[in-house]
Structure formats: C-alpha cells, structure tokens
Amino acid sequence: MTPRPVRVVLVGVVAPTRTALEIPVAALVARGAEVRALLHTLPEARVLEGLGLHGHRRLVLTRSSRAEQTRLPVRRVLDAVSYRVLRLLDRRSSTGVRAFRAARRDPRSRAILRDADVLVALDRVAVYPVWRLARVRRTPAFYGVPAALRHLDTAAPAGPLAAGARRTTGREAGQGVSG
C-alpha cells in the first residue's frame with residue numbers, strides 16, 4: 001500500500017501573482033505534496049492554470065449548508081439572521097478575520113482544511129486565519145513556503161515510529177534546558 005501524499009493547503013488573503021505561486025507550488029509538488037489553495041481574493045483564471053494545484057477555492061462568507069438540508073423554518077430563519085450578523089461584523093473586521101470566518105463557515109473549505117497536513121500562509125494578512133485554523137486541529141502552520149519546505153524535508157516518516165527508530169528525550173537530542 002502506498003502512503004498518501006502530504007496535503008498542503010496554501011491560504012492567501014491578498015491576490016497572488018503567477019510568479020508568487022509558480023515556484024513554491026512546483027517545489028512542494030516535487031517533494032510529493034498534494035497542493036490546494038484557499039484564496040480570499042482570486043486572481044485572474046490564467047494565473048492559476050497549469051500550476052499543478054489539486055484544486056482551489058475562494059474564501060467567501062456563505063450561508064450555512066445545514067439550513068438548506070432541513071425543512072424547519074426556524075432553522076432557516078436562524079441561519080438568515082446569523083448570516084446577516086456576520087455580514088455586519090465583517091464590515092468592521094480586518095481582512096484576515098473575514099477570511100477566517102469565511103473558511104470556518106464554508107463546508108467545502110472546512111473539508112479541505114480537515115484533510116490538510118500542513119497549512120501555509122502566503123502573505124502576512126493570511127497569518128491570522130492560518131493560525132486560528134491550525135489551532136483547531138493542531139495542524140502544523142507556517143508563514144511562507146520556505147518554512148513549509150523545511151518542515152517537509154525534516155518531517156518524520158509516516159507512522160508512529162519509523163522502522164528501527166526510537167524515541168528520544170529532549171536532553172538526549174541536545175535540547176536540554178539549562179538555568
């Protein structure tokens with residue numbers, strides 16, 4: 001059985017350029033990663049074509065999908081009210097907070113984030129949503145692709161322990177705390 005590839009999710013709030021995505025995505029794909037993008041502001045369609053992405057999604061605030069699945073009018077009214085409240089809050093919120101709310105509310109974005117092994121903030125505004133999203137599932141999160149590449153290079157092989165490897169304490173690994 002072949003191990004599944006590492007799933008990396010790139011989160012960006014500011015619209016990226018083709019050159020900002022081309023080299024990092026190619027480097028991640030070369031390391032065997034499956035790369036997806038969640039972008040608050042989508043660039044032109046030609047920017048994302050041919051990059052090797054396994055998919056991309058725009059982060060926008062959506063209505064709850066649970067209200068559509070039920071026929072209860074109370075649930076639909078509650079969803080409409082909560083959606084309007086979030087829209088009002090978004091007017092005064094920063095872009096990073098808006099991106100976080102959109103990712104948390106959209107079921108497809110949540111599914112992408114649930115399957116992610118590594119989260120990467122592409123710009124400084126995306127640091128806040130990546131940090132908040134990483135806290136939920138304790139997913140490794142990084143600011144910038146070079147940090148994520150270093151993590152992928154030094155990450156332990158899949159499984160609880162690699163064959164023949166043993167656990168070490170911080171002192172044995174040279175990470176002792178003095179003082």
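1. Phe 100 is buried in this predicted model, with a relative accessible area of 5%. Phe 100 belongs to helix 5, residues 95–105, whereas Tyr 128 belongs to helix 7, residues 127–137. A search of the whole structure finds two aromatic pairs, and one of them joins Phe 100 to Tyr 128 in an edge-to-face arrangement, with 6.3 Å from centre to centre and 75° between the planes. Because the two rings sit in these two helices, their pair ties together parts of the chain that are 28 residues apart in sequence.

2. Tyr 128 is partly exposed, its relative accessible area being 30%, and its ring also pairs with that of Trp 131. This pair is tilted, with the centres 6.0 Å apart and an angle of 45° between the planes. Tyr 128 and Trp 131 are three residues apart in helix 7, so about one helical turn separates them. Trp 131, with a relative accessibility of 47%, counts as partly exposed, since the partly exposed range runs from 20% to 50%. Through these ring pairs, Phe 100, Tyr 128 and Trp 131 are linked into a cluster.

3. Turning to the chain as a whole, there are eight helices and five strands, and from the N terminus on the elements follow the order β-α-β-α-β-α-α-α-α-β-α-β-α. The chain has 179 residues, of which 37% count as buried, and it exposes about 11700 Å², with carbon and sulfur atoms supplying 54% of that area. Among contacts between residues at least 6 apart in sequence, 59% join residues that are at least 24 apart.

4. At the start of that order, strand 1 (residues 6–12) and strand 2 run parallel and are joined by seven bridges, and within this pairing Val 9 stands opposite Arg 36 of strand 2. Together with helix 1, residues 18–30, the two strands make a right-handed β-α-β unit. Strand 2 covers residues 33–39, and six of its seven residues are buried, so this strand is largely enclosed by the rest of the structure.

5. Where do the nonpolar residues gather? In soluble globular proteins, nonpolar side chains tend to be buried together. Here the largest nonpolar core has 17 residues, and those with the most contacts inside it are Val 8, Leu 10, Leu 28, Val 35, Val 118, Val 120 and Val 145. Strand 1, helix 1, strand 2, strand 4 (118–121) and helix 8 (145–154) are the elements that give two or more residues to this core, and helix 8 provides the largest share, namely five residues. A second core, separate from this one, has 16 residues, among them Leu 38, Ala 103, Ala 121 and Ala 126.

6. Leu 152 offers a view of helix 8, the helix in which it lies. Is Leu 152 buried or exposed? With a relative accessibility of 18%, Leu 152 counts as buried, because the cut-off for that class is under 20%. Apart from its neighbours within four places in sequence, Leu 152 is in contact with Val 6, Val 8, Leu 28, Arg 31 and Val 118. For one of these partners, Leu 28, the separation from Leu 152 is 124 residues in sequence, while the two lie 8.7 Å apart in space, C-alpha to C-alpha.

Notes. Residues numbered from 1 in each chain as written. Predicted model: local features only at pLDDT ≥ 70, side-chain atom pairs only at ≥ 80, totals over all residues. Heavy atoms only, no water. Buried < 20%, exposed > 50% of the residue type's maximum accessible area, 1.4 Å probe, protein only. Helix = DSSP H or I, 4+ residues; strand = E, 2+ residues; numbered from the N terminus. Pairing = 2+ DSSP bridges. Right-handed = clockwise from strand over helix to strand, strands pointing away. Core = buried A, V, L, I, M, F, W, Y, C linked by side-chain atoms within 4.5 Å. Contact = heavy atoms within 4.5 Å. Areas by Shrake-Rupley, 256 points an atom, 1.4 Å probe, with all protein chains shown as cover. Phe/Tyr/Trp six-rings, centres within 6.5 Å; stacked < 30°, edge-to-face > 60°.
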